[in-house]
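Thanks for coming, everyone. Please have a look at the screen, and then we will walk through the fold together.

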Amino acid sequence: MFEIRIGEGGMVKLAGRLDAAEADRASEELREIRDSVTLDCADLDYISSAGIGVLIEIFKRLQGSGHSVTLVNLLNENIMQHVFGDIIIGANMYDNPSPN
């Protein structure tokens with residue numbers, strides 16, 4: 001199940017599984033957004049390539065009209081494992097890496 005919760009101040013929470021089965025509905029709902037937006041991915045359990053396509057679509061559309069899209073809480077272990085697979089095994093990942 002996938003949920004989009006639109007809050008105040010351009011905050012949108014994405015929750016559940018954004019996969020091919022939910023991509024069309026997600027794209028349709030996100031098309032209603034006309035201003036800069038922050039997409040909070042803290043409750044996003046899974047994202048497929050179709051879901052990534054939805055995020056790219058909203059980014060291109062809003063950026064093209066002079067607005068911005070900010071993704072927050074994207075370093076969710078489930079999402080990173082799906083997107084990067086075995087590449088992240090053994091790697092250290094931080095939300096805010098400190099400079100060397």
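I will go from the whole chain to the sheet, then the helices, the core and a few single residues. One thing up front: this is a predicted model.

Let's start with the chain. It has 3 helices and 4 strands. What pattern does the chain follow along the sequence? Read from the start, it goes β-β-α-β-α-β-α. There are 100 residues, and buried ones make up 32% of them. Now the contacts. Take those between residues at least 6 apart in sequence. Of these, 68% join residues at least 24 apart.

Next, the sheet. The 4 strands form an open sheet. Their order is 1-2-3-4, and the pairing is mixed. Which strands stand at the edges? Strand 1 and strand 4, which covers residues 69-72. Each has a single partner strand, so one side of each is left without a neighbour in the sheet. From one strand to the next, the twist averages 20°. Look at strand 3 and strand 4. They run parallel, and 4 bridges join them. You can find T38 there, standing opposite T70 in strand 4.

Now add the helices. Helix 1 packs on the sheet, where it touches strand 1 and strand 2. Its direction makes about 10° with that of strand 1. Helix 2 lies across strand 2, strand 3 and strand 4. Helix 2 runs at about 175° to strand 3.

Stay with helix 1 for a moment. Its buried residues are E22, A23, A26, S27 and L30. Why do we say that they line one face of the helix? Look down the helix axis: the buried residues fall within an arc of 140°, so they line one face. On the other side of helix 1, A21, D24 and E28 are exposed. And what do the buried residues pack against? Strand 1, strand 2 and helix 2.

That brings us to the core. The largest nonpolar core has 19 residues. Which members touch the most others? V12, L14, V37 and L39. Several elements give two or more residues to this core. They are strand 1 (2-6), strand 2 (11-18), helix 1 (20-30), strand 3 (37-47) and helix 2 (49-64). Strand 3 gives the most, with 5 residues.

Let's zoom in on V37. Set aside residues up to four places away in sequence. V37 then touches G10, V12, I58, L62, S68, V69 and T70.

Now V54. This residue lies in helix 2. Is V54 buried or exposed? Its relative accessibility is 5%, and the cut-off for buried is under 20%, so V54 counts as buried. Beyond its neighbours up to four places away in sequence, V54 touches A23, A26, S27 and L30. Remember those names? A23, A26, S27 and L30 are among the buried residues of helix 1.

How far is V54 from D19? They are 35 residues apart along the chain, and their C-alpha atoms are separated by 9.8 Å. So where does D19 sit? In the loop between strand 2 and helix 1. At 18% relative accessibility, D19 also counts as buried. Leave aside its neighbours within four places in sequence, and D19 is in contact with Y46, S48 and A50. Take Y46: D19 and Y46 are 27 residues apart along the chain. Their C-alpha atoms are separated by 7.3 Å.

The last stop is D40. You will find D40 in strand 3. With 10% relative accessibility, D40 counts as buried. What joins the side chains of D40 and N73? A polar contact of 2.8 Å. Again, leave out residues up to four places away in sequence. D40 touches M11, V12, K13, L14, V72 and N73. Two of those names came up earlier: V12 and L14 are among the core members that touch the most others.

Let me recap. We have an open sheet of 4 strands. Helix 1 packs on that sheet, and helix 2 lies across strand 2, strand 3 and strand 4. The largest nonpolar core has 19 residues, and strand 3 gives the most to it.

Methods: Residues are numbered from 1 along each chain as its sequence is written. This is a predicted model: local features need pLDDT of at least 70, side-chain atom pairs count only at pLDDT 80 or more; totals for chains, interfaces and linings use all residues. Side-chain values use heavy atoms; hydrogens and water are left out. A nonpolar core is a set of buried Ala, Val, Leu, Ile, Met, Phe, Trp, Tyr and Cys residues joined through side-chain atoms within 4.5 Å. Buried means under 20% relative accessible area, exposed over 50%, partly exposed in between (1.4 Å probe, protein chains only). Contact means heavy atoms within 4.5 Å. The arc is that of the directions from the helix axis to the C-beta atoms. Two strands pair if DSSP finds at least two bridges between them. Axes are lines fitted to C-alpha atoms, for helices over the stretch in contact, and angles run from 0 to 180 degrees between N-to-C directions. A polar contact is a pair of N or O atoms within 3.5 Å; within protein, one must be able to donate a hydrogen and the other to accept it, and residues adjacent in sequence count only if both atoms are side-chain atoms.
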